[in-house]
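Thank you all for coming; before I begin, please take a moment to look at the sequence and the structure on the screen, and keep both in view while I talk.

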Amino acid sequence: SPEIAVTEARNLGLWIEKRLIPKSLRQSAFVLKYWQWLGLLVLIGLGVLLDRVMCFLLTRLAARVLARKNVRLDGGELQKVERPIGLAVMATLWWFGLQVLNLPAGVHAMISKVALFFLACSCVWAAYRLVDAVSAYLAQLAARTESKMDDLLVPLVRKTLKIFVVVTGLVFLVGKLGFDIQAMLGG
């Protein structure tokens with residue numbers, strides 16, 4: 001469960017601070033300790049690096065899968081999907097890494113909400129772009145058939161899925177920001 005993972009990450013952060021961090025880095029400087037500032041910089045760098053690696057791996061994997069299925073999508077469709085997925089992976093790393101840094105409660109709450117918001121936005125963006133890639137694939141399948149009905153259904157399904165993704169994403173984001181979703185939906 002996520003709560004157990006957070007507790008274990010904080011315990012790991014305490015262990016790291018007590019056993020691995022020199023005393024000179026345990027002193028405070030502007031709200032955080034020196035090692036926490038360095039940890040934030042390392043976390044940002046690791047997130048950017050993981051984003052780049054994920055984009056590279058997703059490009060290779062998608063090219064293989066599409067080649068096996070004999071599907072041709074232009075490179076732009078794949079790049080539109082890989083970018084938000086890489087950002088989502090980066091935000092996930094940032095959120096889990098924040099647990100290890102044992103930041104003060106107020107700072108942790110603020111940065112954690114920003115990371116979760118960034119994660120939610122990138123997931124909604126990825127789903128939105130994935131709808132485009134899937135609809136391009138479905139349009140290719142529809143073009144191979146003689147029926148014109150499926151040619152008409154693909155744009156309808158694409159628009160419907162995009163509306164669903166946007167509405168679901170907005171409801172999720174509003175909930176993560178602390179608003180009462182039930183009252184808003186009831187209204």
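I will go from the overall outline to the core, then to a few single residues, and finally to the cysteines.

Please keep in mind that this is a predicted model, in which local features need pLDDT of at least 70 and side-chain atom pairs count only at pLDDT 80 or more, while totals for chains, interfaces and linings use all residues. Residues are numbered from 1 along each chain as its sequence is written, and side-chain values use heavy atoms, with hydrogens and water left out.

Let me start with the chain as a whole, which has six helices and two strands; these are DSSP runs numbered from the N terminus, where a helix is H or I with at least four residues and a strand is E with at least two. In sequence order the pattern reads α-β-β-α-α-α-α-α. The C-alpha trace spans about 75 × 45 × 30 Å along its principal axes, and the radius of gyration of the chain is 22 Å, whereas a compact globule of 187 residues would have one near 16 Å. That radius is taken over C-alpha atoms, and the globule rule is 2.2 Å times the number of residues to the power 0.38.

How much of the chain is buried? Of its 187 residues, 29% count as buried, where buried means under 20% relative accessible area, exposed means over 50%, and partly exposed lies in between, with a 1.4 Å probe and protein chains only.

Turning to the interior, the largest nonpolar core has 13 residues, and L32, L40, L98, L101 and L103 are those with the most contacts inside it. Such a core is a set of buried Ala, Val, Leu, Ile, Met, Phe, Trp, Tyr and Cys residues joined through side-chain atoms within 4.5 Å. Two or more residues of this core come from each of α2 (34-68), α3 (75-100) and α4. If we leave aside neighbours within four places in sequence, L40 is in contact with L32, L98 and L101, contact meaning heavy atoms within 4.5 Å.

Two loop residues deserve a look at their backbone. V31, in the loop between β1 (28-29) and β2 (32-33), has a positive phi of about 80 degrees although it is not a glycine, and V31 counts as exposed at 51% relative accessibility. N102, in the loop between α3 and α4, has a positive phi too, near 50 degrees.

Next, please find R158 in helix α5 (residues 149-176), where R158 is partly exposed at 26% relative accessibility. Beyond its neighbours within four places in sequence, R158 is in contact with V131, D132 and S135. S135 belongs to helix α4 (residues 105-143) and is buried, with a relative accessible area of 9%. With the same neighbours set aside, S135 is in contact with V154 and R158.

Which bonds might we look for between cysteines? A search of the whole structure finds zero disulfides, a disulfide being a pair of cysteine sulfur atoms within 2.5 Å. Why does C55 have no such bond? The sulfur of C55 is too far for one, because the closest cysteine sulfur, in C123, is 14 Å away. C121 is likewise too far for a bond, since its sulfur is 9.5 Å from the closest cysteine sulfur, also in C123. As for their surroundings, C55 is buried at 9% relative accessibility, whereas C121 is partly exposed at 28%.
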